[in-house]
Amino acid sequence: MNTFQTTIQGRLVTIALNRGRSNAINHEMVKELDACIKTLESDDNVGGVILTGKEGFFSSGIDLIEAYDYNEEQSRQFWIDFLALQNRLAAFRKPIVAAVSGHSPAGGCVLAICCDYRIMAEGAFIIGLNEVPVGIIVPDSVFNLYAFWLGQRKAYQYLMEGKLLQVNEALEAGLIDAVVSPDKLMNAATEKVTAYMKLNPVTWTESKLNLRKDLTGKLRADQTETLNKMLKQWWAPETRQGLQMMIQNLKSKNTAVK
């Protein structure tokens, strides 16, 4: 895989996102992750999964620099596949814990909230969904996923203002479940997923699927109408202009880091 690395310890698989400095999500990463999760779900030798990033970044979200250059057909397929990945992760039958190793806005947050439990590294990091300020219309499937953890009121308010939360704010809001020092992150994630794996797998899986039945049903709903609106707004001149400014800022930051 080009966009992440996997390691295996017994029946536990760790997926470590590994694409550039910030693990920005492009179409290749979406397709590779989807294929990987599908394989792990059907592999009887796999009992649980940890999804993590790299120091400082879990994932910065959608790679705006690359996505901006997608043509209309590529853009539509990207969002179709991204929402399909969200659905696959949320319906994953086995325990999956997010070890949030740093910043996790937008698409990075979506990946994290698909998991059963989120442990975040302490530090000056942010997590949340800021699609509206970026110019991306929020699909109702993303709202339903956010609301599953935050409740509808908070999810609505946070989404409409594009709120990004500091680590302690995210813990208080229930967006993440635990905070540990960066050097203890993977041990904490391993301990949590191992505790899940020790439970009867049939009982655990069927309970998870029952408790998420309404959520996964909403995620599977036809998103064509929303997607059409998303793409129309994505190609609107004012959105493109705003994206150009964001991309210029991103490129400036990347140049400064180098």
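**Reading strands, burial and contacts**

Modeller: Tyr-117 sits in strand β7. Arg-118 has its place there too, and β7 covers residues 117-121.

Biologist: What makes a run of residues a strand?

Modeller: Strands are DSSP runs of E with at least two residues, helices are runs of H or I with at least four, and both are numbered from the N terminus. By that rule the protein has 13 helices and 10 strands. The model is a predicted one, in which local features need pLDDT of at least 70 and side-chain atom pairs count only at pLDDT 80 or more, while totals for chains, interfaces and linings use all residues. Residues are numbered from 1 along each chain as its sequence is written, and side-chain values use heavy atoms, with hydrogens and water left out.

Biologist: What makes the protein as compact as a globular protein of its length?

Modeller: The radius of gyration, taken over C-alpha atoms, is set against the globule rule, which is 2.2 Å times the number of residues to the power 0.38. For 258 residues the rule gives 18 Å and the protein has 18 Å, so it is as compact as a globular protein of that length. The C-alpha trace spans about 55 × 40 × 35 Å along its principal axes.

Biologist: Why is Tyr-117 called buried?

Modeller: Buried means under 20% relative accessible area, exposed means over 50%, and partly exposed lies in between, with a 1.4 Å probe and protein chains only. Tyr-117 has 19%, so it counts as buried. Arg-118, at 0%, is buried as well. Of the 258 residues, 52% are buried.

Biologist: How do you know which residues Tyr-117 touches?

Modeller: A contact means heavy atoms within 4.5 Å. Leaving out residues up to four places away in sequence, Tyr-117 touches Ile-96, Val-97, Ala-98, Asp-177, Ala-178, Lys-192 and Tyr-196. With neighbours within four places set aside, the contacts of Arg-118 include Trp-149, Leu-175 and Asp-177. Tyr-117 and Ile-176 show how sequence and space differ: they are 59 residues apart in sequence, and their C-alpha atoms are 7.4 Å apart in space. Among contacts in the protein with a separation of 6 or more, 76% are between residues 24 or more positions apart.

Biologist: What makes strand β2 largely enclosed by the rest of the structure?

Modeller: Strand β2 covers residues 12-17, and 6 of its 6 residues are buried, so it is largely enclosed. Leu-12, Thr-14 and Ala-16 cover one side, and Val-13, Ile-15 and Leu-17 the other; all of these are buried.

Biologist: How do you know that β2 pairs with strands β1 and β3?

Modeller: Two strands pair if DSSP finds at least two bridges between them. Strand β1 (residues 4-9) and β2 have 6 bridges in the antiparallel sense, with Thr-7 opposite Thr-14. Strand β3 (residues 48-52) and β2 have 5 bridges in the parallel sense, with Ile-15 opposite Leu-51. Both counts meet the limit of two, so both are pairs. In general, strands of a sheet pair through backbone hydrogen bonds, either parallel or antiparallel.

Biologist: Why are β4 and β9 called edge strands?

Modeller: The open sheet has the order β4-β6-β8-β9, with mixed pairing. Strands β4 (56-57) and β9 (164-166) each pair on one side only. Within this sheet, β4 and strand β6 (residues 102-105) are parallel over 2 bridges, and β6 and β8 are parallel over 2 bridges. Strand β8 (residues 126-128) runs antiparallel to β9, joined by 3 bridges. Ile-127 has Leu-165 in β9 as its bridge partner, and Ser-104 has Ile-127 in β8.

Biologist: What makes the phi of Asn-23 worth a mention?

Modeller: Most residues other than glycine have a negative phi. Asn-23 is not a glycine, yet its phi is positive, about 55 degrees. Asn-23 lies in the loop between β2 and α1 (27-42), and at 0% relative accessibility it counts as buried. Ala-106, also not a glycine, has a positive phi of about 50 degrees. Ala-106 lies in the loop between β6 and α4 (107-113) and is buried, with 13% relative accessible area.
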